[in-house]
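Welcome, and please take a moment to look over the sequence and the model below. The report after it walks through some residues, the ligands and a few backbone details.

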Amino acid sequence: MKEYLCDSCRFKIELEENISKCPKCGSDSFHVVEDIANNEIDAIIESMLEEAKEEKKSRIINKNENDKCILLSDDNYSIEKNNDKCINCGQCKKVCENIANLTYDLNICNNPICTGCGQCVLSCPTKALSIKSEYRKVKQIMDANEKIVIAILSPSVFLTIGKIYNIDDISVAEKKTIGILRKIGFDYIFSSSFGSDLLSFEESFELIERISKKEKLPLFTSSCPSWIKYAEIYHPELLNNLSYCKTPIEMEDEIIKNYFCEKKGFDRKRIVTVSISNCSAYKLYGKEKNVNTDYFITTNELLLLIKDEDIDLKTIDSSNYDSIVGEISGSGYLSSVSGGQTESIIRTVYRVINKKDLAKDEIDIYELRGNEDIREATINTNSLKLKVAVVTDMKSLEKLLENSLYKQYHLIEVSFCKGGCINGGGQAIYENCNNIENIKDLSEKIYLLDKNSKNRFVYNNKELKEIYKKYLENPGSNNSKKIFQSNFENKKVLLGKE
Ligand code: SF4
Ligand code: SF4
């Protein structure tokens, strides 16, 4: 084992074999650390300190130095700004630097960088920033009555509806929200948790295969659109380690537009899919990646739609998801919280290796829950000590990447927003909506949805099994990859440097 230090970016890496390029910046100039004389090491440390100071100075530099506010490009499909309301308080820029951890110099890269996470919107005291809205367009399509409009509803949405309309029973909140969507005019309603089940099933087998081949480890999850963009810009060296899977909404969309349409005899050109979630990043991601899902609307937009339609919740009947793509395991709910996707994957990996379910008292992995920015757990299976980590913001991720600490894990789940999708930028904005207590409350409700589910294991989801039997064959099969495989691009060029 040798310890290398990159001459250009000072990235330190320990490797057994010789390397020709720095995995971080691509430079081919290295020192083997043990070979460096003491005075050289002092010089290197000196220059690293200088660079650190420089980096601090150059975090998101606007061309106009008096402008403390974030800049947004005209083609930002997630976020917009009303200049008349902006008081130039600088709160949004602080959030973008410290939570989203974006660093760039506009003098060099010309275009503002944004992942669409929406955390700046949640922080803006004057509501000068907002998430771009598309819900009126969706309603027009429903009213024209020519298309089959299908909702893909995320759990964080009905939990928020429950909170705002004082519905304490989370299962009632879910059924009432489905009822609201029917009243608004959606033809079919499915849960995004079905997509999470699909994703977790595929990723479990992908992980097992990588472990058995000892390649591309750790496997990084690829379900968070903001994280994907961050990786493409700041860590292209990790793109090979990302799971091949698309995001859960896109995977569910593929099943709706292929398998569901075929079963129902629908022409897929008539289908319009609408994801409803707390995530604002999907809007930007959807356009930039040209994804098949037709519209991404947020919880906030759904609330505006309820208001526009003058819907009185007392008069709304409870309803259930439609079938064929409607069954959800408890694991499917879990993906809405940071760490939940990992818990779900562990259940399947354990089952495959040990040929039995995790015992009832082992099923909840408490080490992966809570507010810590980095959480980790080791799961003992018959043939493997599975080491996993969960990271909830990009600053913490950078800590893991430093000195190759991340290499000790088999699986790393990354979500851009603290707490996971329940704290996405498209959530309903009310007082303290994204404070720790609210995130904790919503997380507890997600854990309860899982706990109360009749089936908590993805691999026992009957509709999912049917889809594999009739259409996909196996996870990772050619059929699966044909519709589920994502494509990641090295976007380092957006930083304006090679
Ligand atoms: S947080 Fe809002 S008001 Fe403050 S600088 Fe940003 S956009 Fe303007
Ligand atoms: S949406 Fe996120 S990444 Fe984009 S400007 Fe706001 S905080 Fe920064």
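## A first tour

Asn166 is exposed, with a relative accessible area of 66%. Please keep in mind that everything here describes a predicted model. Asn166 belongs to the loop that joins helix H6 (155-164) to helix H7 (170-184). Its backbone deserves a look as well: Asn166 is not a glycine, yet its phi is positive, at about 55 degrees.

Now for the chain as a whole. The protein chain has 18 helices and 13 strands. Of its 498 residues, 56% are buried. The surface that the chain exposes comes to about 22600 Å², and 46% of this is supplied by carbon and sulfur atoms. Among contacts with a separation of 6 or more, 73% join residues that are 24 or more positions apart.

## Residues of helix H7

Two residues of helix H7 make good stops. Gly179 has its place in this helix, and Ile184 is found there too. Gly179 counts as buried because its relative accessibility is 7%, under the 20% cut-off. The same reasoning applies to Ile184, which is buried because its relative accessibility is 2%.

What does Gly179 touch beyond its neighbours within four places in sequence? Its contacts there are Ile316, Asp317 and Ser319. For Ile184, with residues up to four places away left out, the list is Lys139, Met142, Leu302, Leu305, Ile306, Glu309 and Ile311.

## Far in sequence, brought together in space

Helix H18 (residues 478-484) contains Ile483. With 9% relative accessibility, Ile483 counts as buried. Apart from neighbours within four places in sequence, Ile483 is in contact with Lys246, Glu254, Ile255, Asn258, Tyr471 and Leu472.

The table sets out pairs of residues by their separation along the chain and by the distance between their C-alpha atoms.

| Pair | Separation in sequence | C-alpha distance |
|---|---|---|
| Asn241 and Glu215 | 26 residues | 8.9 Å |
| Ile483 and Met251 | 232 residues | 7.6 Å |
| Gly179 and Asn320 | 141 residues | 7.8 Å |
| Ile184 and Ile306 | 122 residues | 7.7 Å |

## Loops worth a visit

Asn241 sits in the loop between helix H9 (225-234) and helix H10 (248-264). Is Asn241 buried or exposed? Asn241 is buried, because its relative accessible area is 10% and the cut-off is under 20%. Leaving out residues up to four places away in sequence, Asn241 touches Arg210, Lys216, Leu217, Pro218, Leu219 and Phe220.

Two of these partners, Leu217 and Pro218, share a notable link: the peptide bond from Leu217 to Pro218 is cis, with omega near -5 degrees. Pro218 itself lies in the loop between helix H8 (192-213) and strand S8 (219-220).

Another loop runs between helix H12 (299-308) and helix H13 (330-334), and Ser329 is part of it. Ser329 is buried, with a relative accessible area of 0%. Which residues does Ser329 meet, once its neighbours within four places in sequence are set aside? They are Asp197, Ser453, Asn455, Arg456, Phe457, Val458 and Asn461.

Ile324 also lies in the loop between H12 and H13. Its phi is near 85 degrees, a positive value in a residue other than glycine.

## The ligands

Around ligand 1 there are 13 residues, of which Cys86, Cys89, Gly90, Cys92 and Cys124 come nearest. By class, this shell divides into nine nonpolar, four polar and no charged residues.

Where does ligand 2 sit? Ligand 2 is found in the second largest cavity. Its surrounding residues are Ile70, Ile79, Cys96, Leu102, Cys114, Thr115, Gly116, Cys117, Gly118 and Cys120. Seven of the residues in the shell around ligand 2 are nonpolar and three are polar, with no charged residues.

How values were computed: Residues are numbered from 1 along each chain as its sequence is written. Chains are lettered from A and ligands numbered from 1 in the order in which they are written. This is a predicted model: local features need pLDDT of at least 70, side-chain atom pairs count only at pLDDT 80 or more; totals for chains, interfaces and linings use all residues. Side-chain values use heavy atoms; hydrogens and water are left out. Helices (H or I, at least four residues) and strands (E, at least two) are DSSP runs, numbered from the N terminus. Buried means under 20% relative accessible area, exposed over 50%, partly exposed in between (1.4 Å probe, protein chains only). Contact means heavy atoms within 4.5 Å. Accessible areas come from the Shrake-Rupley method with a 1.4 Å probe; for residues, only the protein chains shown count as cover. A residue is near a molecule or strand if one of its heavy atoms lies within 4 Å of it. On a 1 Å grid over the protein atoms alone, a cavity is a set of points where a 1.4 Å probe fits but cannot get out, and a pocket is an open set with protein on both sides within 12 Å along at least five of seven lines; lining residues have an atom within 4 Å of a point. A molecule sits in a cavity or pocket if more than half of its atoms lie within 2 Å of its grid points. Ala, Val, Leu, Ile, Met, Phe, Trp, Tyr, Cys and Pro count as nonpolar, Asp, Glu, Lys and Arg as charged, and the others, Gly among them, as polar.
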